[in-house]
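Trainee: Could we go through this model together before I set anything up with it? I have a handful of questions, in no strict order.

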Amino acid sequence: MISYCPKCGKPVSEGNAFCPNCGAPLQAAQPVQPTPQPQPAPQYNNRFMNQPQENQGPKPDNHLVLSIITAIMCCMPLGIWAIVLASKVDGLWNSGQYAQARENADKAKRISIIGMVLGGLYVVGLLIYYIVILGVSLADF
Ligand SMILES: [Zn+2]
């Protein structure tokens, strides 16, 4: 019996596993070269489509305002650090790096709060210092 090569269309004898003309695998040899199974594709698609829904949630507050206040009012180095982190939140979020965006937002918030506490302590310390100086000055007179 004669069959035809699916690739080049030349007649080939059925016993051949490969086309003698172009080397393409013939029908008998098809199981050797399995076509991609359709089953894994939907699984992958489902995972791919579910992942953002599972992880996305509401976009985290980037705490940029808090960071700027920290930089201006309290502690400049910590504030700038927080601003750098906060400014990356939106970009990370938009490019799908949700965990990273949240982490940056959390860090920016923590650093801002630390900066504000340090700034507050500094102001309180300064006040106490002046009160003590004032007290000592008054005691001298
Ligand atoms: Zn062929």
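What follows is a talk about the fold, the metal site and a few residues.

Trainee: What kind of model is this, and what is the average pLDDT of the protein chain?

Mentor: This is a predicted model, and the protein chain averages a pLDDT of 79, with 77% of the residues scoring at least 70.

Trainee: Which elements have the lowest and the highest mean pLDDT?

Mentor: Among the elements of the protein chain, α1 has the lowest mean pLDDT, at 48, whereas helix α3, which covers residues 76-94, has the highest, at 89. Over residues 41-53 the pLDDT is below 50, and this stretch has 1 contact in the model beyond near neighbours in sequence.

Trainee: Okay, and how many helices and strands are there?

Mentor: The secondary structure comes to 4 helices and 2 strands, and read from the N terminus the elements run β-β-α-α-α-α. Of the 141 residues of the protein chain, 21% count as buried. Among contacts with a separation of 6 or more, 42% are made by residues 24 or more positions apart.

Trainee: Switching to the metal, which residues are the protein donors of the zinc ion?

Mentor: The zinc ion has Cys 5, Cys 8, Cys 19 and Cys 22 as its protein donors, each through SG, and they lie 2.2 to 2.3 Å from the ion. Along the chain these donors follow the spacing C-x2-C-x10-C-x2-C.

Trainee: What is the geometry of that site?

Mentor: The site is tetrahedral, with angles of 105 to 114° among the 4 donor atoms.

Trainee: Is Cys 19 buried or exposed, and what about Cys 22?

Mentor: Cys 19 is buried, with a relative accessible area of 4%, while Cys 22 is partly exposed, with a relative accessible area of 33%.

Trainee: Now α2, which residues are buried there?

Mentor: Ser 67, Thr 70 and Ala 71 are buried in α2, and because they cover an arc of only 95° around the axis, they sit on the same side of α2. On the other side of that helix, Val 65, Ile 72 and Met 73 are exposed.

Trainee: Why would residues a few places apart point the same way?

Mentor: An α-helix has 3.6 residues a turn, so residues three or four places apart point the same way.

Trainee: Following up on Ser 67, what does that residue touch?

Mentor: Leaving out residues up to four places away in sequence, Ser 67 touches Gly 79, Ala 82, Ile 83, Ala 86, Ala 108 and Ser 112. Ser 67 counts as buried because its relative accessibility is 0%, under the 20% cut-off. Ser 67 and Ser 112 are 45 residues apart in sequence, yet their C-alpha atoms are 5.3 Å apart in space.

Trainee: And where is Asn 104, and what are its contacts?

Mentor: Asn 104 is placed in helix α4, which covers residues 98-140, and counts as buried at 5% relative accessibility. Not counting residues up to four places away in sequence, Asn 104 touches Leu 85, Lys 88, Val 89 and Leu 92.

Trainee: What about Val 84, buried or partly exposed?

Mentor: Val 84, which lies in helix α3, counts as partly exposed at 39% relative accessibility. The C-alpha atoms of Val 84 and Ala 108 are separated by 8.2 Å, with their positions 24 residues apart along the chain.

Trainee: New topic, how many aromatic pairs are there?

Mentor: The count comes to 2 aromatic pairs. Trp 93 and Tyr 98 form an edge-to-face pair, at 4.6 Å centre to centre with 70° between the planes. Trp 93 is buried, with a relative accessible area of 7%, and Tyr 98 is buried as well, with a relative accessible area of 16%. Tyr 129 and Tyr 130 also form an edge-to-face pair, at 5.7 Å centre to centre with 65° between the planes, and Tyr 130 counts as exposed at 51% relative accessibility.

Trainee: Last one, what is the phi of His 63 near?

Mentor: Phi of His 63 is near 60°, a positive value in a residue other than glycine. In general, most residues other than glycine have a negative phi. His 63 lies in the loop between α1 (40-55) and α2 (64-74), and counts as buried at 14% relative accessibility.

Methods: Residues numbered from 1 in each chain as written. Predicted model: local features only at pLDDT ≥ 70, side-chain atom pairs only at ≥ 80, totals over all residues. Heavy atoms only, no water. Donors = N, O, S within 2.8 Å, 3.2 Å for Na, K, Ca; no water. Tetrahedral: all angles 85-135°; square planar, octahedral: opposite > 155°, others 65-115°. Buried < 20%, exposed > 50% of the residue type's maximum accessible area, 1.4 Å probe, protein only. pLDDT = per-residue confidence, 0-100. Contact = heavy atoms within 4.5 Å. Phe/Tyr/Trp six-rings, centres within 6.5 Å; stacked < 30°, edge-to-face > 60°. Arc of directions from axis to C-beta.
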